[in-house]
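Got the viewer open? Let's take a short walk through the model, one selection at a time.

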Amino acid sequence: MSRGAWLLARLAQIVPTFLLIGIAVFVLARLLPGNAVMAMLGERGTDEMVARLTASLGLDKSIFAQFVAFLEGVASGRLGDSLAFRIPVTRLIAERLPVTMLLTGLAVAFALAAAVPLAFVAALNANRWPDLLIRAIFQVGLSSPIFYVGLVLLTVFAAWLRLFPVGGYGDTMWEHIYHLFLPAITLGLSFAAIVMRNLRAAILGVINAEYVDFARAKGLRGSVILLRHVLRNALIATVTLVGLEIGSLLGGAVITETVFAVPGVGRLMVDSIFARDYPVIQALTLALAVFVSLAFLLTDLVQMWLDPRVGR
Amino acid sequence: MKRPPTPLLGGLAILGLMVAFAVAPDVFSPYDPLAFDFSALLAPPSWAHPFGTDQFGRDLLSRSISAAAIDLQIAVFATFFPGTLGALLGLLIGWYGGLADAVIGRLMDLVATFPFLVLVIAIVAILGPGLANMYVAITIVGWVPYARLMRSEAMVQKNGEYVAACKVLGYSTPRILFRHILPNAIRPVLVYAVTAMALAILLGSSLGYLGLGAQPPTAEWGVLIADGKNFFTTAPWIALFPGTVIVIAGLGFSLTGDGLADLLEVKR
């Protein structure tokens, strides 16, 4: 298969994926025990209110008609109004999603900035004390729940040392980054641990590979070999990991945003559950799944660009 | 078989202690975990209360110990239910292949597209908060890695000579599947499950913290931390000690899982 054909096939896969995501979210929303309308209105609903909401949600039509209407709504960006905020769900998500994306992006950046150099230190000192120390620290990081790490950082750096704000988001880009500093470290910690672990193993694997022996035999200096050959190959593995882990990062963002009162989609999700704001929950689940499948696609494309073996 | 490595022994020691706390909390707890003590409200850690007390004067060491039972239950159930479902499905599609394999395969891809925690939260939102619904949600979302592992193992095993021998002997398919293939294919699944228990503790306590898992007044580590979060400037010990306990429990499971994988030489 040529690279072009591989690319087209990979792009075409996204269509059935989106359709399946749509079906899953639709089914999920219909699983509400009892009646969705009653769940939304609670005890307060009069018969007239129930009838009006049932009609406005289209729940009086057949299940197939409902599904077609749902797909039309998704395609045209109409996903209903938030019951709590009384504005279109799409507008609400469009306001909040950039916050979560900035948080996740910063978390990935921090994690890579810490994990990549430490992975090299660990791999080049394999099974000596720097390696054991780095691995022990990250092992503890992997075993620490996000909300606990967040609370500790909040207590030490925000409440006691007053170096960072206790929560919120600020108004300018610099204020955003300042406010998201502790949350991003919190969110990035376990990801850094995973990257470190995998990168260390990848470097150890590459160091012993034949082409590195060959490069050394050609007389290339150690640092050149490390940068040009080892780093490049180890990075391919890391890019894959970022793509695979984007889902758990978004899940972690839900908790991080709740701990630090960050106004992103994660906090919106938790708030919506307690407000029984089902249109928001449905739309967010849909939006995040679409986001993840796009991230998978992007990962494959970057991998193809980095690794000439893919798609050949 | 190699000699058990030190990290594995350390992990097993932590798990042993956790089981002891879960089985006989009264032996280890200095106080009744639910008893109010109005003479010691928000008391900092001391010899009388090593972990301090909360806003009702409840002893946090005793509460952390009594929570071990719930969190151990979370670790086991949140692994056992998705593990059993996934292993069964994986065994069947690995054996039969064909259409069932294709359909379940697409389903696995689909579930993997949703961020794990987001889908669990969405399902808990629909079913309502609480431990039982949390297990249902984790099972719906969490069976995929077990199914994948079991499927690939079953596909290897079914070409083994002993399976051909079973067929010649005229054994029934269920007998071949459950008496012969399953015991040979289960090892990587079990090792994965131990590591997954570490994640299950983190997941369960996270949902407890968010108010979606165990419900107060049940003592669960995440719930204890949620109780303490409003006091983190004035009485940080309320959240800090139960949090440290979670980290140690998580370490116990992940050290055990990694150690077992090394010992049994299971590739991951």
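Start at the place where the two domains of chain A meet: across the interface of domain 1 and domain 2 of chain A, the rule finds one salt bridge. To see that pair, select A:R10 and A:D300 and show their side chains, which meet at 2.4 Å, N to O. Keep in mind that this is a predicted model. One residue pair in polar contact also turns up across the interface of domain 1 of chain A and domain 2 of chain A, with both residues at pLDDT 80 or more.

Next, colour the elements on the domain 1 side. Those that give two or more residues to the side touching domain 2 of chain A are α1 (3-12), α2 (14-30), α3 and α5 (63-75) of chain A. Which of them gives the most? That's α2(A), with nine residues.

Now zoom out and select the whole domains: the assignment for chain A puts domain 1 at 3-76 and domain 2 at 92-306. Drop a centroid on the C-alpha atoms of each domain of chain A, and the two centres sit 32 Å apart. If you list the contacts, 19 residues of domain 1 of chain A touch 16 residues of domain 2 of chain A. Put a surface on both, and about 1,500 Å² is buried between domain 1 and domain 2 of chain A, with 77% of that on carbon and sulfur atoms. For the domain 1 share, pick A:R3, A:R10 and A:I21: together they supply 28% of the area that domain 1 of chain A buries against domain 2 of chain A, more than any other three residues. You have already met A:R10, in the salt bridge with A:D300.

Before leaving chain A, colour by pLDDT. The chain A mean is 83, and 89% of its residues reach 70 or more. Helix α6 (residues 89-124) of chain A has the highest mean among the elements of that chain, at 92, while helix α3 (residues 36-41) of chain A has the lowest, at 66. Where pLDDT is low, the predicted coordinates should not be read in detail.

Last stop: hop to chain B and select B:A43, in the loop between α2 (25-28) and α3 (60-96) of chain B. Is B:A43 buried or exposed? It counts as buried, because its relative accessibility is 16% and the cut-off for buried is under 20%. Show what surrounds B:A43: leaving out residues up to four places away in sequence, B:A43 touches B:G52, B:T53 and B:W237. Finally, draw a C-alpha to C-alpha distance from B:A43 to B:L60, and you'll get 10.0 Å for a pair 17 residues apart in sequence.

Definitions and conventions
Residues numbered from 1 in each chain as written. Chains lettered and ligands numbered in written order. Heavy atoms only, no water. pLDDT = per-residue confidence, 0-100. Helix = DSSP H or I, 4+ residues; strand = E, 2+ residues; numbered from the N terminus. Buried < 20%, exposed > 50% of the residue type's maximum accessible area, 1.4 Å probe, protein only. Contact = heavy atoms within 4.5 Å. Domains from an automatic or database assignment. Buried area = accessible area lost by both parts, 1.4 Å probe. Salt bridge = Lys/Arg side-chain N within 4 Å of Asp/Glu carboxyl O. Polar contact = N/O pair within 3.5 Å; in protein donor to acceptor, adjacent residues only side chain to side chain.
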